[in-house]
Structures are given as structure tokens and as C-alpha cells.
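Colleague: Got a minute to go through this one with me? I'd like to talk rings, helices and empty space.

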Amino acid sequence: MSKCESCIVREFNSLKSLTRDELMRVSACKTGKIFDKGRVIFEEGDSVNGVYCVKDGVCKLTKLSENGKDQVVKLIVKGGLLGKRSLVTNQVSSLTATALTEMEMCFIPKAEIMNDLEKNPNFTLDVLRQMTEDLKVSEHSIVNMAQKSVKKRMAEALLYIYDDFGTDDEGYLTIILSREDYASIVGTATESAIRILSQFKKDDFISTSGKRIKIENLSGLKWVE
């Protein structure tokens, strides 16, 4: 397990604001964890009692809606921190985190990270800044649900994955999601998601191979209404 002070992953999150001495202390108390694909990392209502720093892999954060369906709120990749909100608010988790691929993470106990929140203003400010960005993403998602068609939301979901996570050597999106995941991202029924993706395929906007999706016409997707 690498030391925090020499780990490149921390440059992608708030841990970059910790001093070398703080990083060495955190490194001494953290534990490495591996989560298999499909495993729940923590559930809505759990006391997280620390933060997870993602070293590799992808997970989804979901919220259980009133109709009993999971709504995908955000995808977290290498460099992301899980559990920030529960840490700052001292409340149970409001989201469920599930591994979409095999994940390697470091878990930092709450007692250690709270000490840094209290004593390092740069770290505190960075954590709050990241929480503000998360809130902005949530607000944007709410606006999309209210004002945009399901087809438009699906097109934007594909473009978001393409822009933020890229493609593999064959041109397919690196993030492989089930049709149920796509449905929960855009807020629709699985049958509707399947139908829309099939239409995109007929329109030559995308091509598929099993669950894998390749974007064939970026401009076409951008103009979907």
C-alpha cells in the first residue's frame, strides 16, 4: 500500500491540501480495501465513520426514490473521495455507493480526518469547495429532470461518460453500465432506456457490443432534443 505523501491520486482530491506531516500521519492509520464489482461499499442510512479515497475503479452513488427505485446521482472514479458529507455533517449517509468495477480504495478513519478539518483551514476550504461542486451537480440534475426530455437526458449521459471517462482502444466507452444503470441515471423506466438506446443505434449515433457502447456521431447526440 503506497504512502499518502507519495501517492499521485491525492492530487485529484482534497487530500492535496494536507501538509506532509499530516499526510504521513494519515498514511500510518489508513487501511487498504478491495471491493469486487457489484459490491455495496456503504448504504443509505449507514454511519460511514471515515472517508474512502479511490485509488482505482468506478462506483456509482445512488439515492432511493419514493417509488422504491435507485436514482444514480454521480459516478466516482480514481481520485474521488467518498463520505465527505457524512464526515462534515456528522450524519448518516444519504446515498448508497456500489462498485461498478473492481475497486481499490484507502479508508481513512473519521477521527484522523476530523483532526485535519479542525486544524488545517486549507483542507477544510477544499472539502467544502468539493461539497459545493457536488451540490451544483445535484441541482443541475434536478433541472434536467424537470426541463429536458428523456432522450435529451440519455444523450447527455452518454456525452458525459465520453467526455469525463473516455474510450478504450476499440473506441467503446470505458465505463460499462447496464441498461438499468442508464435508466436510473436519466430517471426513466428500463424499458424506455432500452428503447431510446435502440433508436440512437438506428440513427447511427451509437453502436453496441453487448453492454459496451461506442459513440459514432458526437454532433448528432449533441443535437438530440
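**Rings, a helix and some holes**

Modeller: Sure, let's start with a charge over a ring: Lys 214 sits over the face of Tyr 172, 4.8 Å from the ring centre. Keep in mind that this is a predicted model.

Colleague: Which lysine lies over the face of Phe 107?

Modeller: A charge counts as over a ring if, for a lysine, NZ is within 6 Å of the ring centre and within 35 degrees of the ring normal. At Phe 107 the distance from the ring centre is 5.7 Å, and the residue is Lys 33.

Colleague: How are the planes of Tyr 52 and Phe 107 arranged: stacked, edge-to-face or tilted?

Modeller: The search of the whole structure turns up five aromatic pairs. For Tyr 52 and Phe 107, the ring centres are 4.8 Å apart and the planes meet at 55°. Under 30 degrees would be stacked and over 60 edge-to-face, so this pair is tilted.

Colleague: How many residues apart in sequence are the parts that this pair ties together?

Modeller: Tyr 52 belongs to strand β3 (residues 50-56), while Phe 107 belongs to strand β8 (residues 103-109). The pair therefore ties together parts whose separation in sequence is 55 residues.

Colleague: And is Tyr 52 buried or exposed?

Modeller: The cut-off for buried is under 20% relative accessible area. Tyr 52 has 8% relative accessibility, so it counts as buried.

Colleague: Now helix α5: what is its reach from first C-alpha to last?

Modeller: α5 covers residues 150-165, which is 16 residues. At 1.5 Å a residue you'd expect 22 Å, and the helix comes close to that, with a reach of 22 Å.

Colleague: Which residue just after α5 takes a positive phi?

Modeller: Phe 165 is one of the buried residues of α5. Just after the helix, phi goes to about 75°, and the residue is Gly 166.

Colleague: On to the holes: which charged residue helps line the second largest cavity?

Modeller: That cavity holds about 40 Å³ of space. Its lining has seven nonpolar residues, no polar ones and one charged. Leu 15, Val 51, Leu 81, Leu 87, Ile 113, Phe 123 and Val 127 are in the lining, together with Lys 84.

Colleague: Which element gives the most to the lining of the second largest pocket?

Modeller: This pocket has a volume of about 540 Å³ and is lined by 30 residues. β4, β5, β7 and α6 each supply at least two of them. With four residues, the element that gives the most is α6.

Terms used:
Residues numbered from 1 in each chain as written. Predicted model: local features only at pLDDT ≥ 70, side-chain atom pairs only at ≥ 80, totals over all residues. Heavy atoms only, no water. 1 Å grid on protein atoms, 1.4 Å probe; cavity = no way out; pocket = protein on both sides within 12 Å on 5 of 7 lines; lining within 4 Å. Points joined across faces, edges and corners; volume = space filled by probe spheres on them. Nonpolar A, V, L, I, M, F, W, Y, C, P; charged D, E, K, R; others polar. Helix = DSSP H or I, 4+ residues; strand = E, 2+ residues; numbered from the N terminus. Expected span 1.5 Å × (residues − 1). Buried < 20%, exposed > 50% of the residue type's maximum accessible area, 1.4 Å probe, protein only. Phe/Tyr/Trp six-rings, centres within 6.5 Å; stacked < 30°, edge-to-face > 60°.
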